[in-house]
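I opened this notebook to keep track of what I looked up, beginning with how the chains divide into domains and then turning to how the parts touch.

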Amino acid sequence: MTRTSSSDAPVVAGAPAPAAARPSRLRSAGRLLAGRVVSAVVVLWGAATVAFFAQQLLPGDRATVILNIRTGRAQRRTPEELEPIIAQFGLDRSVLQQYLDFLRGLVVGDFGTSYQQFRPVTAILGEQLAATVTLSLVAIAISWVLMVVWVTLTAGRGPRVGAVGSGVDVVAAGLPHYWLGIILLLVFALGLRWFPVMGGTGPAGIVLPALTLAIPLAGFMAQATRTEFERALEQPFVVSARMRGMGDTAVRLRHVLRHAVLPAVTLSGWALGATLSGAVVVESIFSRPGIGSVLVTAVNSQDLPVVVGVVTLVAVVYVVANLAVDIAYTLIDPRVRLS
Amino acid sequence: MTALRPARSPSRPSRRRAPWSLAPAAALVGFLGIALVAPQVLATHDPFALDYAAALQPPSLAHWFGTDESGRDLYSRVVFGTRESLAIGLGAAAVGLAGAIVLGALAALGPRPVAAAVDRLLEVLFAFPALLLALLLIAIAGPSALTQILAVGVGTAPGYARMVRGQILAAKNSGYVQAAVALGHTRWRILRAHVLPNALRPLVAVFALSVGQSIVWASSLSFLGLGVAPPSPEWGALLDAGRTYIVQAGWLVVIPGLVIVALALTATTLGRHLQAGLERGEK
Amino acid sequence: MTAIDTAVRFERAERRDVPPAPRLRVRGLDVGFRVDGAVRRIVSGVDLDLAPGECVAIVGESGSGKSVTARSLVGLTGRGAVVEAEELSLHGRDVRRFRSRDWRRVRGREVGFVLQDALVSLDPLRPVGAEIAEALRLHGVPRGERRARVLELLAAVGVPLPELRARQRPGALSGGLRQRALLASAIALDPDVIIADEPTTALDVTVQAQVLSLLEERKRRGASIVLISHDLSVVARLADRILVMRSGSVVEQGPSTDVLRNPVHDYTRALIAAVPSAATRGRALSPVAPPAAALGSSRPAPAAADAPVLRARGLVKRFVRPDGTETRAVDGVSFDLAPGETLGIVGESGSGKSTTAKLALGLEEPDAGTVEVLGEPWSPLPESRRRERRRLISVVDQDPLSSFDPRWNVERILVDALPEAERRDAARRRARVRELLELVGLPEAVLARFPLRLSGGQRQRVAIARALAPRPSVIVLDEAVSALDVTIQAQILDLLTALQRSSGVAYLFISHDLGVISHLSDRVLVMKDGVVVEEGTAESVFERPAHPYTRELVASIPDLPLAASAS
Amino acid sequence: MRQRPRTTLPLALGLTSMIALSGCAAGSASSSSGERVEGGTIVYAHQQEPPCVFGGWIEQAYLSYQVLDNLVSLDEDGEVVPWLAEEWSASEDGLTWTFTLQEGVQFTDGTPVDAEAIAYNFDYWVAGGNSTAQVWLQDYYESANAVDERTVEIHLKAPYPRLADNLTQGYFGIQSQHALETRSDEENCAAPIGSGAFTVEHWTRGQNITLVRNDEYTSWPANAEHTGPAYVERIDWRFVPDGTTRVAALQSGEVDAVYDVPAVQWQSVEDGGFELHRYITPGRPQQLSFDTKEGPFTDQLVRQAFAYSLDREEIVGTIGHGVIPWEGNGGVSQATPGYSEKAAGWYSYDPDRANELLDEAGWTERNSDGVRLKDGEPLKVVLPYGAGSILNADGAAILQGVKEQASEVGFDVELVPVPQSELFAGAYSTPEERDFEVGYWTSVTAGILYINWRPSTEEAPNYNNGAFYDDPELAAIILEANSTADVEAQNALYAKAQEYIAERALAIGLYDRLSTLAVDPSLRGVWQEHAQGGPTFYDAHFVQ
């Protein structure tokens, strides 16, 4: 059934002559950027604040905790023992005071000192960030390859293939990291000995951990992509491309894919942040260094400065990732540049 | 980790998916149902009884899923673990969606300042890795089934909240709402009669999906040793316990894992079919 | 349907030499689709010859199988399709044996295909230039020559500033330019067969005219054209021969003049009669008589002296484009709508007519100007004060489906629209709902049904019933019949006329379709870029258009050979 | 198209068996001629990563033992032998100890290991520089002073004849005074300066610490197998929390030695031809102390009943696969001098006896779940344990056995795995919160009894007294033992204390904490030091 376009909102009508539009485009780009920066700052501040006050809720007397961490023995402490700690970390200050100092620290990029390691948190994170980010990026890259190949091969190929295709998507997306990781370890490292058992940071060591993160992510993205892919395949422009004499595969790769990956692009931005959750598990299974293990240790031993550090760091990653996504998005779909 | 969904509404399943994919799901649901109300019917052994003579036996006719380090029958433990695992899954999904609805509704319908604030809050929570929220919560409240439920719920809420927000906004700007306005209905009535029902209805399907995801999540917490107390046969805990024996007794890891995956898949399949059903209109 | 090469099967294929004459020769074309096991027949027994320089039109309403037929001609019928034919040959070659490689060589080079609405028929993510160049690339035009050729082509189809346009994406082009670009990509390799599937649907009349003349030109240059359309008047201008299709088979075919002037088949007659135009004013368009209830006791047409039920003065509505620039969608529009009168607002997309409707309905607040209903202020006014008087003015818009809550069945939809009093009282409620159904000629059976399960016509009737429910004095119809097939449209138009006669309700009728407007309206506003350029009685506007734009509009109305209307 | 079998389960199980096989396969280690190779890097996989190299955790003791030298060392017969100190003696009254240092030993920062430095280290420990050293010394240590370059005097408040024995533990490693005074906490944490056979080269947090040979090494302990610098150039001290992974890494040749072989894998590692070391740490075993202040266990009968209800030998035997020895003695482990067999054998598995005792104690009724009741109150006891920190997976499994067996006679034991964070936050530290304390404490002598059983007083609370059992009588016995010079007599007294504890069922043993090593055949000369069982790589060398 045909539908007229005459009820379109007037906004989309007509072609803005680029010459006329350029200054306003700049202006709006500026506005856009400003907005981004503001929201980024808000997110960072919010994340750090949430983390800070979440810690205030943690049970137990801070000084005792610190002392116990350092002595490695969990027990009650006498005031004499605690006094120096309280002094050192200014725990006698009011929460508000501590919060303000904390914020002041944030601004100058000082997250304080680890209770456990006596080192500045920034140093600890700086050390571990690379490992995790590499892992995440590799994982996302792999998942893209898996996803694109799989979807292009199986999407819009009739009920049977489709069922298999999406079936695999669902299964992959449903695989818990810890389980997948262990199985991969069991099969490829312990069993077939193809990869080292202890991940380490070498290139060989990253394969299994990355796969562990990549496979579920690929399945997850594939679900979204497949839908778009099949939707795009139904679009008239596909037909007209075929009518020009284009082969099916060519159409899929040159036209359809580009439309289909848009949701996946959005997802990957989110994934970069989310893979960190996965990293926690994966790093423990493959005994890799990284933010994940730092986080678990820190939370486990209530090494609060580190926890806040990680949270803020992740927030930063998230913000950056989303910015990257927006850019990628506009590259793939120039229509959204102004909206 | 696939707990969070992006802000877009859940993907449309290809309406062509054959119904046979439902058969195993239905069977599993039936099985779980029984395991839920009357585990003893399905169990072949006492899930807690120690039998050191029979420790670490591979799957056999006597012990379908084999036995663990203390000679307990894994199959029976899995069956008895259903209750707790499902309870946690359902609970977490409920908490998550409830939170999501409140936040989402505020973000979509609240007065401008409130909406803006909630929007930002969602941004912030979204920037928080779900597992981190969970870890903090557990550190605060100490590990237990309840904390697990809350942790997973809180961890998954932001993602769904965004979805709810989108749904509500979509409904709010829909043709039928405009028609209702044109008919002179009051704001509140339109909200009640059109916006909320239409926006929240898809959540039925989402709930099913999220149960599956929540169980996976909860079990990963158990796996990190932050779950329920032993000797509870909660599936994630089983997996964690089996980890030590992975080489000698792989089934202790493989089987509970398969069960969890199977359940997650069932939930997803059902959820998607529910979605398809809803989208196919009233029937 | 997905664009996958069709596995061509032949059962009744027998060896027989084919005279080389026609470029395209079809005999006994059957097309069916496999729906879980069984094959559902969509097209049966279509014969077709396409001589050089000839234009054959296939006319039919949605579901008549015309598009499927067209696509079968280039082997893109779709997944699960079963195409059988005694003969199916292109330039004398039997295409039934074609492998997908053979097809690819033919498509674009020997057969060009134009689809409707280039906004979606060209890849929205790629510059139109690239799309056209693609056709060239696929058929081995060396990289170096492509760019030049693309610009040539764009120029050839009358796109101004080809260099600039080639770099833009469909979304950035106006409907006309887009459609031209699409045409350019189809004729890039100068194929001598062009298949155009609804090439002008969803286009404004002026653009429609331009596109048609482009096709005409190709034809003059010796291209053979298969033109698919639901709109006889579009076809009339171009086609040498017409095939009228209905539910999969050809009900009538012959030279266009014959088919149009003295149609043999009832359906063809109905189709022709259904086309609204100035000539058909006050006449029933459809053989199907409107429901008796609607006719009621015909009232005398109200005297123009009556105070207007709806009065707009100097309405202005501004919009801010995403890039920050401001546009006036509506700029100083004023009008009066007398009781029982039909005021038509006509204009092309972006002319601001829909916005005017929203302002009239009080769904948008004007930035300047006022609206009065029954002499009392209506807009601007706080919604709370407007609410209780909203029953006076109701709306029917283009896409009823989206205006119905998908969770509600017809009964609930109608009940919801009743005034408080009637809604409360069960007996009156039931009575009124039945009455409404009768008015719009729907069986009671539909009450339990859900909008999704209704046909387009039924939906529109429900929408009208809902609009009537509060006994309004004005109904705003925004493109209310644009999405309907001609025959259905005819029925609805008849229904509207009948209802107005019986109930004396006034219509504010908005459409891009001058035929419909001229058929229905007493008075007409012509809008362009938010401004009313001409106003007057239907006769004066359409017979003696003053404003140049109006003249252009009227000129571009595709008209049927008048003989048709004299039956 | 043909159907393929779709079952994953058999596959997965198949895999595990396959792995078992390949495990053995890799095990068949290179038959070596025994020819020593100079240099090389030992890759050693340890379980837990400590926050600092030197400190009060046993992980730290193990680690710092490679980097720091102690005054004295303990040889395989439990004899104290010279290390940094050539000779030592205690005064008549036992209040003054005099240590004479080796000639010309230097810290790796070039400063001399002199009496000054030693004295400074003692003060440093007691001031909290090492929390464990601190609790050992604080109640006896008076002061330390340098008599001359090479002679240092330690003054005690009360006699402590076994002081030298204690000083052999890693907690008492000697650091450069100059380093401690001039460098930042961070530096001293990550790379303490000692005079040891190795120095800390780099610490990649979360992954490994690399130790590099100290080529100027001159101060090897008397019980070392060779003299001069260490044979190997480097030690890559990896942190691999998961036992399975560690063993697999060893079997696949990724590492040369691993710490803490999971009991269940002991056999396959042995079959693989790897060299296994097993050291039962002396001191407090993994034991259960009963809360004698609050709740049902204030009643001795109930405590005894609980003890009788358990077949600890069977539980530990199964979970420990015959590798982990079960321990009946709640005071000290069988490896500890002065260990009392009598105390260990006090309670054998005897459910009937347990039931009698409980009836006698008034817990006569039972509810539907078979839990005993006393005036309506169920016999519910809370057993928190440091999951993953104080107890490993095997320990947790053993506790589940305890819960199950105790339930037979009507105890309802609630197991509460407590994450480290909560422990550090002081959870379950009060009598109200818990009915048991689980845990071990390594030590060379039975002197540990003093730390665990010294009565808590207002001015000097003893939070290490997990049973909250403030009993002057028991304390008196232990104190007397601590200060008894004659080893025989001292051990007799310690034994008496253990039996005192056993008789009143204040604490019962579960199993002995092990320190185990598995070493690739190509690596020789690795031994476990005799104070705590940590790996010692000074004599280690690769062979062809």
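How many Å separate the centres of domain 1 of chain D and domain 3 of chain D, taken over C-alpha atoms? Keeping in mind that this is a predicted model, I found 35 Å between the two centres.

I then looked up where these domains lie, and the assignment for chain D gives domain 1 as 30-47 + 197-278 + 515-544, domain 2 as 49-191 and domain 3 as 283-512. For the contact between domain 1 and domain 3 of chain D, I noted five residues from domain 1 and seven residues from domain 3. On the side of domain 1 of chain D that touches domain 3, I listed four nonpolar residues, one polar residue and no charged ones.

Next I turned to chain C, where the assignment gives domain 1 (22-273) and domain 2 (292-555). The centres of these two domains of chain C, again over C-alpha atoms, are 36 Å apart. Their contact draws on 10 residues of domain 1 of chain C and nine residues of domain 2 of chain C. On the domain 1 side of this contact in chain C, I saw that α8 (205-220) and α11 (266-274) each supply at least two residues, and that the residues of this side divide into three nonpolar, four polar and three charged.

Last, I checked the chains against one another. Five pairs of chains touch, and among these pairs the most contacts are between chains A and C. Chain C and chain D, by contrast, do not touch, and I recorded 18 Å between their nearest C-alpha atoms.

How values were computed:
Residues numbered from 1 in each chain as written. Chains lettered and ligands numbered in written order. Predicted model: local features only at pLDDT ≥ 70, side-chain atom pairs only at ≥ 80, totals over all residues. Domains from an automatic or database assignment. Contact = placed C-beta atoms within 7 Å. Helix = DSSP H or I, 4+ residues; strand = E, 2+ residues; numbered from the N terminus. Nonpolar A, V, L, I, M, F, W, Y, C, P; charged D, E, K, R; others polar.
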